[in-house]
Amino acid sequence: QVQLVESGGGLAQPGGSLRLSCAASGIIVRIDTMTWYRQAPGRLRELVASITSGGYTHYPAYLKGRFTISRDNAKKTVSLQMNNLKDEDTAVYYCNADIMAEGSGPTSYWGQGTQVTVSS
């Protein structure tokens, strides 16, 4: 059974940094695009950053330059480095990955989410 497990959330001060990680486990044949989303209270879930298996990255314009996504295909992990954090970055951050597991077709999996709180 495929699982995604996030780690690295917590409390940071404005202007500080946090690094989130997400590890995929299970009998995995291939991982395609890996994506970080976030959802703040009362708001819709929004895309934060995505990265393809070949390393092509995408960010919304308002986050470009502060957040950096990376992945390690051998370790089946994806990370999100968040710098110069702002109060409005406070949200639950979710890892998502398009995964082909043994015996099944491509499926979108979600992690359980990790809380990021930016506050002084």
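In the predicted model, Asn96 is in contact with Leu4, Thr33, Met34, Thr35, Tyr37, Ser108, Tyr109 and Trp110, once its neighbours within four places in sequence are left aside. Asn96 is found in strand 9, and its relative accessibility of 5% lies under the 20% cut-off, so that this residue counts as buried. Two polar contacts are associated with its side chain: one of 2.8 Å joins it to the side chain of Ser108, while the backbone oxygen of Tyr109 is reached at 3.1 Å.

Strand 9 also provides the largest share, six residues, of the largest nonpolar core. This core has 32 residues, and those with the most contacts inside it are Trp36, Leu80, Met82, Tyr93 and Ile99. At least two core residues are supplied by each of strand 3 (18–25), strand 4 (28–39), strand 5 (46–51), strand 7 (67–72), strand 8 (77–82), strand 9 (91–101) and strand 11 (114–118). For Ile99, the contacts beyond four places in sequence comprise Val2, Leu4, Ala24, Ile28, Arg30, Ile31, Gly105, Pro106, Thr107 and Tyr109.

An open sheet is formed by four strands in the order 1-3-8-7, with antiparallel pairing. Its edges are strand 1 (3–7) and strand 7, each of which pairs on one side only, and the twist from one strand to the next averages 15 degrees. Within this sheet, strand 1 and strand 3 pair in the antiparallel sense over five bridges, and Val5 has Ala23 of strand 3 as its bridge partner.

How values were computed: Residues are numbered from 1 along each chain as its sequence is written. This is a predicted model: local features need pLDDT of at least 70, side-chain atom pairs count only at pLDDT 80 or more; totals for chains, interfaces and linings use all residues. Side-chain values use heavy atoms; hydrogens and water are left out. A nonpolar core is a set of buried Ala, Val, Leu, Ile, Met, Phe, Trp, Tyr and Cys residues joined through side-chain atoms within 4.5 Å. Buried means under 20% relative accessible area, exposed over 50%, partly exposed in between (1.4 Å probe, protein chains only). Contact means heavy atoms within 4.5 Å. Two strands pair if DSSP finds at least two bridges between them. Axes are lines fitted to C-alpha atoms, for helices over the stretch in contact, and angles run from 0 to 180 degrees between N-to-C directions. A polar contact is a pair of N or O atoms within 3.5 Å; within protein, one must be able to donate a hydrogen and the other to accept it, and residues adjacent in sequence count only if both atoms are side-chain atoms.
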